[in-house]
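User: Hey, I'm new to this one. Can you walk me through it?
Analyst: Sure, let's put it up and go piece by piece.

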Amino acid sequence: MSLRARIAVLFLGMAIVPLLIFGGWTQRWGVEVVEVAGELRLTQEAVAAARTLALEREAAQGLLDVLARLGPRDSASLRSFVAEPGGDRIHFAYLEVLDSDDNLVSRFGTVPAEGSRCGTYGLTSLTRVEASGAADGLRWTGAYWMGDRLGPGGSRRVTVTDLEGTILYSTDCEPSLPDLPPEAGRGGNLVGSFSAEAGDGPVQLAYSSIDGVPWIAVAADPIGLTAPVQRLFQTYWWFVVALALITFAAFSVILKRVTSSIEDLTKAAEQVGDGELR
């Protein structure tokens, strides 16, 4: 092997190969960081949605408890709690007052024909709460549309399901949800994440149980956590390869000039040794 070839191989081993190894390590490390950060973000999103829905139900239950303790009032006052969702206060789709024999005493609002609907923010379901009067023996029932407090200012990628897999709330009017891990239905304050295959490829999901009810909030990233960084690293690899080629080409030019001078000096020394002074 010629001197030029030996120096070129040495340069490849000491400069270009480490550069490529560093690029591969950087990509792997970057993808892992993005995955961990993405899973954390999804988990926080699922936990925040679960807490919002739990507070929403607590507010509805608290309001109904107050109405039951106060007893029947004039229709105008009760109708103020029955309206389309919106604002900071819970509004019921309807209110019913039943006696001890389950006979209807009064109703405010209209009972929807369907227990779910596709609204402004996606698929939502009627959620019922009940309360009993303190002394009159009346039983109050109220129903509100789930997820109003998530709305456009909350999470836009959350699906709520019960333990049987029935979807109660989703931003998609025709939602689909992969099977949850077995531990997600064991009750308690459970939080976790997992990945599943979807129609467009793998998707990352995180889930959180909802306090006080057998529901699970699931946050999903439909575009994948690593897709943006993978595209970034494709550009990065083009840069690394181009840098390596340019560096090697520049080094080859310099090496050729240096080795040419060395070869000329070597030939001259050989000629001197052979007695050829011309």
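User: Which residues make the nonpolar surface patch of about 470 Å²?
Analyst: Phe22, Trp25, Trp29 and Val33 make that patch. Patches are built from residues with over 30% relative accessible area and no salt bridge, joining like charges within 9 Å and nonpolar side chains (Val, Leu, Ile, Met, Phe, Trp, Tyr) within 5 Å. Keep in mind that this is a predicted model, where local features need pLDDT of at least 70, side-chain atom pairs count only at pLDDT 80 or more, and totals for chains, interfaces and linings use all residues. Residues are numbered from 1 along each chain as its sequence is written, and side-chain values use heavy atoms, with hydrogens and water left out.

User: Where is Val33, and is Val33 buried or exposed?
Analyst: Val33 sits in helix α1, residues 3-70. With a relative accessible area of 40%, Val33 is partly exposed. Buried means under 20%, exposed means over 50%, and partly exposed is in between (1.4 Å probe, protein chains only).

User: Zooming out, how many helices and strands are there?
Analyst: Three helices and 10 strands. Those are DSSP runs numbered from the N terminus: H or I of at least four residues for helices, E of at least two for strands. From the N terminus, the order is α-α-β-β-β-β-β-β-β-β-β-β-α. Of the 278 residues, 35% count as buried.

User: What about disulfides, how many does the structure hold?
Analyst: One. Cys118 and Cys173 form it, with their sulfur atoms 1.4 Å apart; the cut-off for a disulfide is a pair of cysteine sulfur atoms within 2.5 Å. Cys118 is in strand β3 (residues 116-119) and Cys173 in the loop between β7 and β8, so the pair ties together parts that are 55 residues apart in sequence. The link is right-handed, with 40° about the S-S bond.

User: Are those two cysteines buried or exposed?
Analyst: In between: Cys118 is partly exposed at 46%, and Cys173 is partly exposed at 33%.

User: Which other residue in that loop is worth a look, and what does Ser170 touch?
Analyst: Ser170 also lies in the loop between β7 (167-169) and β8 (191-198). Ser170 counts as buried because its relative accessibility is 2%. Leaving out residues up to four places away in sequence, Ser170 touches Tyr121, Gly122, Leu123, Val158, Thr159 and Pro175. Touching is a contact, meaning heavy atoms within 4.5 Å.

User: Which side chain makes a polar contact with the side chain of Ser170?
Analyst: That of Thr159, at 3.5 Å. A polar contact is a pair of N or O atoms within 3.5 Å; within protein, one must be able to donate a hydrogen and the other to accept it, and residues adjacent in sequence count only if both atoms are side-chain atoms. The backbone nitrogen of Asp172 also lies 3.2 Å from a polar atom of the Ser170 side chain.

User: Switching topic: how many salt bridges are there?
Analyst: Five in the whole structure, where a salt bridge is a side-chain nitrogen of Lys or Arg within 4 Å of a carboxyl oxygen of Asp or Glu. One of them pairs Arg107 with Glu96 at 2.8 Å, N to O. Arg107 is in strand β2 (residues 104-109) and Glu96 in strand β1 (residues 94-98), so the pair ties together parts 11 residues apart in sequence.

User: Which residues do shared salt bridges join into one network?
Analyst: Glu130 pairs with Arg128, closest N and O atoms 3.8 Å apart. Salt bridges that share partners join Asp102, Arg128, Glu130 and Arg139 into one network.

Notes. Accessible areas come from the Shrake-Rupley method with a 1.4 Å probe; for residues, only the protein chains shown count as cover.
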